[in-house]
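The following briefing sets out selected features of a predicted two-chain model, grouped by topic. Please consult the sequence and structure alongside the text.

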Amino acid sequence: MKASLNWIRTYADLPQDITAEQLAHDLTMQTVEVEEITNPADLVEGVVIGRVVTVRQHPQADRLVVCDVDIGQGTTSQIVCGGSNLYENEIVVVAPPGVKVRWHGEGERVELSAAKVRGVVSYGMICAAGELDLEGLFPPSEDEEAEIVDLTELFPDAIPGQPVADVLGLDDLIIDINNKSLTNRPDLWGHYGLARELCAIYGGTLHPFPSIEIPEGTSDYSVEIVDEDRCFRYDAVVFEGIELRDAPFSMRKLIWSVGMRPINVIVDITNYVMLATGQPTHAFDESHVSNGIRVRTAHEGEQLELLDGRHLTLSPTDLLICDGADKAIGLAGIMGGAHDSILPETKDIVLEVANFEAISLRRTASRHHLRTEASIRFEKAINTQRCDLALGLTYQLMAELQPTARIVAAGTHRVRETEAIEIPVSLHFLNVRSGHTITADDAINALEPLGFDVTYDGDDTLNVSVPSWRATGDVDIKDDILEEVCRMIGYENFEYKPPVITLDKPIRQLAKESERAIREFLAFRAGLQEIYTYPWVSDAFINIAGDHTDTLIKLASPPSPDRSYLRGSLIANVLEASVLNSRYYETFGLFELTQVFSQGAVSPSIEEEKLPRQERHLAIALAGVLPFLLFRRLKGILAQLPRFGRFEGWEFKQSGDKMPWADRNAWLKIVNDEGDELGSLGLLSPKATEESGLRIPCLALAEINIEKLVPLQSRDNLYRRLPQFPLVEQDLSIVIDEDVSWAQIYEAVANLVHDAKFVEEYRGEQVPKGKKSLMFSFRLGSDTGTLTAEEIEKLRNRLIKKLRYTLGAEMR
Amino acid sequence: MRDQLSEIREKGLEAFATAETSEKLESLRQQYLGKKGVLTEILKGLGKLSHDERRQLGQLANEIKRLLLQAIEERKEELLDKASFLELQPDLTIPGIGIAGGGLHPITQMCYDLNDAFRSLNFEIFSEDEITSELYAFDYLNFPPDHPARDTMDTYWLKGTEDKRGAKRLCLRPHLTGASVRYLQQHGAPARFVYPGTVFRNESTDARHERAFYQYEALIVDRDFSFSSGLLLVRTILEKVFGHDVPVRMRAGFFPFVEPGFEIDMQCSVCDGEGCHVCQDVGWIEVMPGGAPHPNVLRAAGLDPDIWSGFYINIGLDRLVMMRYEIDDVRLFRSADLRFLEQFK
Ligand SMILES: [Zn+2]
């Protein structure tokens, strides 16, 4: 929302020397966030008044003229111009060389220089409104094509050379306030409210609001509120004898400077009143309103064409303004109807000043995607008393600007008034909660300028009466009063104070520590990069991962149509991330640890709330060239994870169904002691690799349900006494059937050796078909002495014999 | 024989002192002092001599042997001092052999820095699920039904629940604050806890706006907790994260779940408050909203607002990390692009 400091000053005595920076800072610190402060005079910096002395045809161009213009420099300046409305003695707006203008009202502003235009030198430019961003203030007329700004009528006494900013009176500070930060302050949506706030901040004096009494003796006009829950007050006033013309320049300028469009005197008055008071008003053409006003909800399917040309199909949740014949003439508090608002031929008007219920109005506005200056204000909840301010100001403006118009009828229907709220607040409370010393005087000095009435009982209690403009939901409990007092004192002025806190239990969160240890192991030991992805997954990758969509959770309005499902596993997202990175890397490793979702009915807090199943999963992807090596690397990382992640260990086992995405020859399940499945790992199948568009030879993937891991109560390191006598390390290469596994070999030798390690596998020319060569190393030792060569030989032979008899192994 | 001995002494000392390598030195040692060395041979020959001569020459020979051994030791040390495993000076500008270089996501890093800071102040870490209900996301947090404030958080509702209300209307959480009510309902007060996590908003994205972003919220609930203490808490945390004192300021702000509400700004670390493009010439950067829990929120959590009060802070980690590293596009965080992520160790 934009506000003009000049306008605010008409209601308040404020220090004259407030700078834009200071204003932005003070308002931001104490009230609402100021986004920007601008000065409209900057739009016409360096631009001066010119008087056209002569106009002659350009010798080379039909559409151009050459003017001699007096810009107050003794001699005239020659300016080439394409304007169609140039004449001698016209008062125009001249941008001399050096000034920045927007050529034809388009693109960035560029600096003018004296330049030849089709062979004739032009010293600057006679400006059209768009070239100086003034088109809102000087709207181009419909029949003129290349119209320059003509000030002859408005400012006949303007002196050539005078700065245009001075003549138009553009020097002002326009405060642009963040709308979000105004959500709870309906009182600040008008200049008078802002004036009150600034008076409180700067210690200025607020003037009474300009207002005149409703003239006595006007005849009753019928106003009926049918739906009393939706409209709390409706005033209608009929003015006859309107002369529709432009509002005076000063009013148009104010309306324009805060970002609205001046239209005609009546519409401008209603907008001006809204911008001054925050209370929207509307004017209907009286000849279209028969027999008074009715405020009622719409019938199902009822139609209404709005001022902006939109056709609405309404329902009983929408509130309508109708005439006495029950014809809909406006959508209450949002926008007037197309056919019954102010029209060019309007002579008599019905002025509406009303108060509507905020929540239902907001629902209507949201449903029809209508956000208007009026609806934005009404939906913040306005006090009913503000109707009086708006009426008073309207009467005053009508008397001033439409002296021929007279009030012929007026009517009102009042359902209820916004009630004052009394809040007792204890000084003790203010002091303890703020941590700042606040006396009764401090509190009173903070509150009274804001319009609160405060009485102090001399002991500990302040009785605070909330003014009606703050009593529509903004201030209703003592904590709100605390906030008002604190912000007026200024949080900047608060000292730092250590809290008084009871130190209770030490904190021990094993699962949290375990999760962090997992991440740190994967990142710093395993060399993987952690990634974050979105919770919504692409349909294509859900398909490749083989997730079943019937158990997935769907978004009502997804970020894109093909990403409506939330992840039920992490495989799809991690795969998609791998595909992306395969454009830049041939080998890499990445992981993500986050929640996945599936259908369920879990109540984490209260019975009534049933949420889907939500579990934390870990997924790892390793990209590389050699498939089995990749698989083994992944298995190696996973084998170490329990130890470094500090949770109970797991085993690898091929059990249950293969994962849909996995290679049929390279997949395993990760299971715990009880055989429960915790996760899986595998090589991405050639088919899935092809479908995903992966640009590297292969990918190994793993996924683990972190929720199923059991963190260790403490580290589980085991100490084994050092061997008293040295161990002897030996290698052994055996040739064995393809289907004999390392696990079987290990099992066969385990109780004959101190320990045994797989070294490598080999298949090739020296190895017969259907067989493989396998090399492992083992260590031998004794508790009774150093092994002799003979003893070693004996042990080795025993081992070989066992492998031969149990597994059919041959030595190489 | 005496002459022989002095020749051995002279030549031996000379030879040892100039031996170029330790191998050469060893072969010289063998040559002089080995089993068949020249000195050993002489010593063997001593037996043929008279008692006196044997004694005198024996003494001399042993003295020479001692000198030679000493010379060998000295030379050995000299050679070791000069020794290198590398015959030629290698090119030391060639890069070292790296270890596998993974890393945590920069937001995880920041989150852990904050966890460490808060843990040192005895805060517990709490995690809430990412899917929640309107009841916890809005109703319990003092958002009146259909209040404009609900619009400031465009929410991803779950299909099939979008037209329901309260506990039955489910969504991806649009902010973290609902988690505070869950925690307090479960654990009561006093309480000190943080609850970091990702939140989701149905918005259009650009370099500064995202649909998913990471927040870090902390809440302290105690008897008579004051804003002055809250301000101190904020400063302590920022100091721990940034490693130095960071000036902060608290100003008025509105959020339905707090009363009063604040915006907390920190001094721009790029320009030290002088004003620059990062802080848009203000010198301050909005880092966190905060405030005292609204009495209605405390009531929803089952606490008596006349007894308990507290202080919330909510830190947008995406923004904080962007500021710390001058990252210009928030969407990079969830791009999974390793070229970006690898820069943060
Ligand atoms: Zn800065």
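A:Ala381 counts as buried, at 18% relative accessibility; buried means under 20% relative accessible area, exposed over 50%, and partly exposed in between, with a 1.4 Å probe and protein chains only. A:Ala381 has a positive phi of about 75 degrees although it is not a glycine, and it is found in the loop between α8 (373-378) and α9 (386-401) of chain A. Helices (H or I, at least four residues) and strands (E, at least two) are DSSP runs, numbered from the N terminus.

This is a predicted model, in which local features need pLDDT of at least 70 and side-chain atom pairs count only at pLDDT 80 or more, while totals for chains, interfaces and linings use all residues. Residues are numbered from 1 along each chain as its sequence is written, chains are lettered from A and ligands numbered from 1 in the order in which they are written, and side-chain values use heavy atoms, with hydrogens and water left out.

**Backbone geometry**

- A positive phi of about 50 degrees is also found at A:Arg118, which is not a glycine.
- A:Arg118 lies in the loop between β10 (115-117) and β11 (120-122) of chain A, and it is exposed, with a relative accessible area of 53%.
- In chain B, a cis peptide bond with omega of about 0 degrees joins B:Ala189 and B:Pro190; B:Pro190 belongs to the loop between α8 (178-187) and β5 (191-194).
- B:Glu259 and B:Pro260 are likewise joined by a cis peptide bond, with omega of about -5 degrees, and B:Pro260 is placed in strand β9 (residues 258-267) of chain B.

**Overall form of chain A**

- Chain A contains 19 helices and 42 strands.
- The radius of gyration of chain A is 41 Å, whereas a compact globule of 812 residues would have one near 28 Å; the radius is taken over C-alpha atoms, and the globule rule is 2.2 Å times the number of residues to the power 0.38.
- Along the principal axes, the C-alpha atoms of chain A fill a box of roughly 130 × 85 × 60 Å.
- Of the 812 residues in chain A, 53% are buried.
- The accessible surface of chain A comes to about 37,400 Å², with 49% belonging to carbon and sulfur atoms; accessible areas come from the Shrake-Rupley method with a 1.4 Å probe, and for residues only the protein chains shown count as cover.
- Among contacts (heavy atoms within 4.5 Å) in chain A between residues at least 6 apart in sequence, 69% join residues at least 24 apart.

**Overall form of chain B**

- Chain B has 12 helices and 11 strands.
- For chain B the radius of gyration is 40 Å, against a value near 20 Å for a compact globule of 345 residues.
- The box filled by the C-alpha atoms of chain B is roughly 125 × 45 × 45 Å along the principal axes.
- Buried residues account for 55% of the 345 residues of chain B.
- About 15,800 Å² of chain B is exposed surface, 49% of it supplied by carbon and sulfur atoms.
- Of the contacts in chain B with a separation of 6 or more, 65% involve residues 24 or more positions apart.

**Domains**

- Chain A is divided into domain 1 (2-39 + 172-206), domain 2 (42-168), domain 3 (219-414), domain 4 (423-493), domain 5 (510-708) and domain 6 (728-811); the bounds come from an automatic or database domain assignment.
- The C-alpha centres of domain 2 and domain 4 of chain A are 56 Å apart.
- Chain B is divided into domain 1 (2-82) and domain 2 (106-344), and the C-alpha centres of these domains lie 84 Å apart.

**Surroundings of B:Leu231**

- B:Leu231 is found in helix α9 (residues 227-242) of chain B and is buried, with a relative accessible area of 4%.
- Leaving aside neighbours within four places in sequence, B:Leu231 is in contact with A:Tyr491, A:Phe494 and A:Tyr496 in chain A, and with B:Val248, B:Met250 and B:Phe311 in chain B.
- B:Leu231 and B:Ile313 are 82 residues apart in sequence, and their C-alpha atoms are 9.9 Å apart in space.
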